[in-house]
Every structure is written in C-alpha cells, then in structure tokens.
Amino acid sequence: MAIITRLLKGHDMDQGNGEWVAANKKLLGKTLLEVGSVIVKGQEGICLRNYISNAVEKYVGIDVRAGNGVDVVGDASNMPFVDNSFDSVVCLDMLEHCKYPHEIFKESFRVTVPGGYLFLATVFDFPVHYHDNDYFRFTHNGLRLMAEDAGYEVIECPRDTELTKPGIVKIIARKPE
C-alpha cells in the first residue's frame with residue numbers, strides 16, 4: 001500500500017508541475033527546451049507536452065536516454081545547442097538525478113535567450129527512486145543559490161511551495177537582458 005501511495009503522489013506531483021508551467025505560459029515565448037523530457041511509461045497523459053506544446057512554436061525535449069518525448073539525446077550538463085537558443089527552459093522532476101546540479105543551471109542559462117525564463121521544479125521530500133541515480137534533495141534556498149550563481153534573476157522561489165508529501169520546490173528565474 002505504501003508503494004502505491006508513493007506512486008500516486010509522484011503522479012500528482014508531475015501533474016501539478018505541468019499545470020504550474022501552463023499557468024505561466026505567457027512567459028514561455030516561442031521556443032522551449034524541456035530538459036529531462038523522456039515520458040515515463042504510464043505517465044503519457046500528464047507529460048508536460050500535453051500542457052504547453054500548443055503554447056509555443058518550437059518545443060524541443062532533451063534527455064540522456066532515447067524514448068518517447070525525446071527529440072535530442074544528450075547530457076543536460078553539456079547540451080548540444082548554441083548559446084541563446086531558447087526563450088524558455090523547463091526542467092521538471094529530474095534535478096535529483098543529476099550528479100552536478102549546478103551544471104544544469106549553468107547550461108540552462110547558456111542556452112536561454114536574454115530575457116528568457118527557466119522553470120524548474122524538483123523534490124524536497126520524496127522517497128529515493130531509481131536507486132542508481134537518485135542523488136539529491138533540494139530546498140528553496142539551494143535552488144535560489146544555484147540560479148543566482150548561474151546568472152539568473154530569481155522571479156519566484158517561495159519558501160513553502162507545496163511542502164506536503166511529496167514535497168517539491170519550484171523556481172522561476174529570468175536571464176537578464
């Protein structure tokens with residue numbers, strides 16, 4: 001029963017993050033990069049593309065592994081895109097799986113156009129999953145620090161963002177013009 005409850009809460013978290021980005025779609029611009037875009041089996045109905053693909057002209061998904069929802073296979077800490085390629089970068093529910101999360105912020109900043117936005121949501125309090133590559137949990141202060149270190153201006157990073165089980169933290173940051 002506990003495992004089923006955890007999976008359902010994870011499903012709710014993914015849906016909530018998609019709805020959060022959709023609620024801010026006026027900030028997305030014309031081109032969007034989704035970092036960590038593979039659509040996990042059983043979550044096809046709640047993938048981010050379902051919420052916002054019609055809100056942008058160009059939607060590119062990058063993930064370290066090929067699969068449904070992946071347009072480019074590549075490492076998020078060294079993305080194969082030129083500088084200033086995307087109006088927005090969205091990274092949901094994957095930062096805990098990155099060995100070097102600071103690099104994800106730096107690379108996202110590099111590929112975001114001046115005046116563009118980063119939307120990132122990750123876990124604060126969530127069970128360990130995918131045991132071989134689940135490395136971190138984050139606080140709002142940690143997200144703010146990594147975003148500012150990368151060069152972003154933090155627009156939104158509330159202290160108590162849905163700190164219920166599963167607890168997640170979110171940030172919207174803007175690359176200065």
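**Exercise 1. Find which residues L33 touches in this predicted model, leaving out those up to four places away in sequence.**

Step 1. Start from L33. Its partners include V60, I62, M79 and F81.
Step 2. Continue the list. L33 also touches F86, S88, V89, V90 and V111.

**Exercise 2. Place L33 in a nonpolar core.**

Step 1. Take the largest nonpolar core. It has 30 residues.
Step 2. Look for the residues with the most contacts inside this core. L33 is one of them, with V35, F81, L95, F105, L120 and L143.
Step 3. Ask which elements supply at least two residues each. They are β1 (31-35), β2 (58-63), β4 (86-92), α3, β5 (112-125), α4 and β7 (167-174).
Step 4. Add the second, separate core. It has 14 residues, including W20, L32, V56 and Y117.

**Exercise 3. Classify the aromatic pair of F81 and F86.**

Step 1. Recall what is needed. A ring pair is described by the distance of the centres and the angle of the planes.
Step 2. Read the values for F81 and F86. The centres are 5.1 Å apart, and the planes meet at 85°.
Step 3. Apply the cut-off. Planes over 60 degrees apart count as edge-to-face. The F81 and F86 pair is edge-to-face.
Step 4. Check burial. Both F81 and F86 are buried.

**Exercise 4. Explain what the pair of F109 and Y152 ties together.**

Step 1. Classify the pair. The ring centres of F109 and Y152 lie 5.1 Å apart with planes at 90°, so this pair is edge-to-face.
Step 2. Locate the rings. F109 is in helix α3 (residues 101-111), while Y152 is in the loop between α4 (140-150) and β6 (153-156).
Step 3. Conclude. The pair therefore ties together parts 43 residues apart in sequence.
Step 4. Check burial. F109 and Y152 are both buried.
Step 5. Look over the ring of F109. The charged end of K175 sits there, 4.7 Å from the ring centre.

Notes:
Residues are numbered from 1 along each chain as its sequence is written. This is a predicted model: local features need pLDDT of at least 70, side-chain atom pairs count only at pLDDT 80 or more; totals for chains, interfaces and linings use all residues. Side-chain values use heavy atoms; hydrogens and water are left out. Rings of Phe, Tyr and Trp (its six-membered ring) pair if their centres lie within 6.5 Å; planes under 30 degrees apart count as stacked, over 60 as edge-to-face and the rest as tilted. Buried means under 20% relative accessible area, exposed over 50%, partly exposed in between (1.4 Å probe, protein chains only). Helices (H or I, at least four residues) and strands (E, at least two) are DSSP runs, numbered from the N terminus. A charge sits over a ring if NZ of Lys or CZ of Arg is within 6 Å of the ring centre and within 35 degrees of the ring normal. A nonpolar core is a set of buried Ala, Val, Leu, Ile, Met, Phe, Trp, Tyr and Cys residues joined through side-chain atoms within 4.5 Å. Contact means heavy atoms within 4.5 Å.
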